[in-house]
Amino acid sequence: MSRHPLSGIVIAGGRSRRFGADKRRLRLWGDHGPHLLGHAIALLQPLCVDIIVVMNDGVAWPDLPARIVADEQPGSGALGGVISGLQAMHTAAALVIAADMPLIVPELLAALADWSFTGDVLAPTAPSSPDLPQPLLAVYRQSALAPLRQVFATGERRLQVALTSLRWVDPGPELWQRYDPAARSLVNINTPDDLAQIQHWLKKS
Ligand SMILES: Nc1nc2c(ncn2[C@@H]2O[C@H](COP(=O)(O)OP(=O)(O)OP(=O)(O)O)[C@@H](O)[C@H]2O)c(=O)[nH]1
Ligand SMILES: [Mg+2]
């Protein structure tokens with residue numbers, strides 16, 4: 001557990017349009033393993049005192065070991081999901097991830113949870129695009145909520161763009177070098193081809 005109690009927020013209210021089926025229910029680790037959403041929750045459990053899943057079909061997930069929160073404005077994208085999750089949190093900060101990231105390295109997540117930083121959000125940049133924050137593998141403070149709402153009110157829906165209006169801190173390339181040199185933690189499943197690639201990696205690991 002990190003020094004300060006953290007919430008864990010899984011943004012999971014997307015429509016899986018590119019994938020074509022509910023990707024949150026994929027069982028990449030075999031029929032007896034977790035589904036993707038359960039895997040995301042399990043990653044957060046050792047690090048967080050309260051886990052919030054932001055999605056709009058909670059009735060279809062009766063046994064989830066998490067608090068389910070609906071979008072304030074359904075269909076408002078990941079930015080709307082983060083706003084709804086931060087609004088529901090009872091701690092000063094939260095670790096935020098997406099439900100479609102099967103290769104997050106637990107030690108990297110623990111390092112982010114423990115990172116001390118000044119600002120609204122701690123978000124790494126991908127080694128391949130060092131100017132853009134990765135908003136769904138990040139730590140948000142309560143102080144992020146008001147400016148995110150302001151950006152949302154302008155009509156902006158791109159979470160990555162919204163983050164640039166916050167006091168944003170990048171943990172730097174050492175995070176990747178130390179815990180995840182191939183930056184697989186950022187891989188997310190958007191299309192059936194993404195799934196095939198990830199299954200290939202999982203078979204080899
Ligand atoms: N709560 C909430 N989560 C969202 C919303 N839109 C996307 N997400 C989540 O944000 C993460 C990243 O979104 P995408 O990769 O675009 O996933 P998606 O929206 O299901 O997929 P596409 O329909 O193909 O864009 C996923 O975990 C989604 O479940 C939304 O409107 N509300
Ligand atoms: Mg995605």
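I take a residue to be near a molecule if its C-beta atom, placed from the backbone, lies within 6 Å of it. I keep in mind throughout that this is a predicted model.

**Entry 1: the ligand shell.** I looked up the surroundings of ligand 1 and found 23 residues around it, of which Gly13, Gly14, Arg17, Arg18 and Gly81 come nearest. Sorted by class, this shell holds 8 nonpolar, 10 polar and 5 charged residues. I then asked which element gives the most to the shell; it is helix 2, residues 77–88, with 4 residues.

**Entry 2: annotated positions.** I checked the UniProt record, an unreviewed entry, whose annotation "binding site" covers Ile11, Ala12, Gly13, Arg24, Asp71 and Asp100. I followed up two of these positions, beginning with glycine 13, which sits in the loop between strand 1 and helix 1 (36–44). Is glycine 13 buried or exposed? I count glycine 13 as buried, because it has 25 C-beta neighbours inside 10 Å and the threshold for burial is 20 or more. When residues up to four places away in sequence are left out, glycine 13 touches Val54, Met55, Asn56, Asp71 and Gly81; Asp71 is itself among the positions covered by the annotation.

For aspartate 100, I noted a place in the loop between strand 4 and helix 3. Aspartate 100 also counts as buried, because 24 C-beta neighbours lie inside 10 Å. Its contacts, with neighbours within four places in sequence set aside, are Lys23, Leu36, Asn188 and Ile189.

**Entry 3: the sheet.** I traced an open sheet of 7 strands in the order 3-2-1-4-8-5-9, and the pairing in it is mixed. Strand 3 (67–69) and strand 9 (168–169) stand at the edges with a single partner strand each, so one side of each has no neighbour in the sheet. Helix 3 (residues 106–114) packs on this sheet, where it touches strand 1 (6–11), strand 4, strand 5 (121–122) and strand 8, and its direction makes about 150° with that of strand 4.

I looked at two pairings in more detail. Strand 1 and strand 2 are joined in the parallel sense over 5 bridges, and glycine 8 has isoleucine 51 in strand 2 as its bridge partner. Strand 2 (residues 50–54) is largely enclosed by the rest of the structure, because 4 of its 5 residues are buried. Strand 4 (residues 93–98) and strand 8 (residues 137–141), by contrast, run antiparallel and are joined by 5 bridges, with valine 96 opposite alanine 138 in strand 8.

Notes:
Residues are numbered from 1 along each chain as its sequence is written. Chains are lettered from A and ligands numbered from 1 in the order in which they are written. This is a predicted model: local features need pLDDT of at least 70, side-chain atom pairs count only at pLDDT 80 or more; totals for chains, interfaces and linings use all residues. Helices (H or I, at least four residues) and strands (E, at least two) are DSSP runs, numbered from the N terminus. Ala, Val, Leu, Ile, Met, Phe, Trp, Tyr, Cys and Pro count as nonpolar, Asp, Glu, Lys and Arg as charged, and the others, Gly among them, as polar. Two strands pair if DSSP finds at least two bridges between them. Two residues are in contact if their C-beta atoms, placed from the backbone, lie within 7 Å. Axes are lines fitted to C-alpha atoms, for helices over the stretch in contact, and angles run from 0 to 180 degrees between N-to-C directions. UniProt positions are given in the numbering used here, feature names are shortened, and annotations may be inferred rather than shown by experiment. A residue is buried if 20 or more other C-beta atoms lie within 10 Å of its own, exposed if 12 or fewer, and partly exposed in between; C-beta atoms are placed from the backbone.
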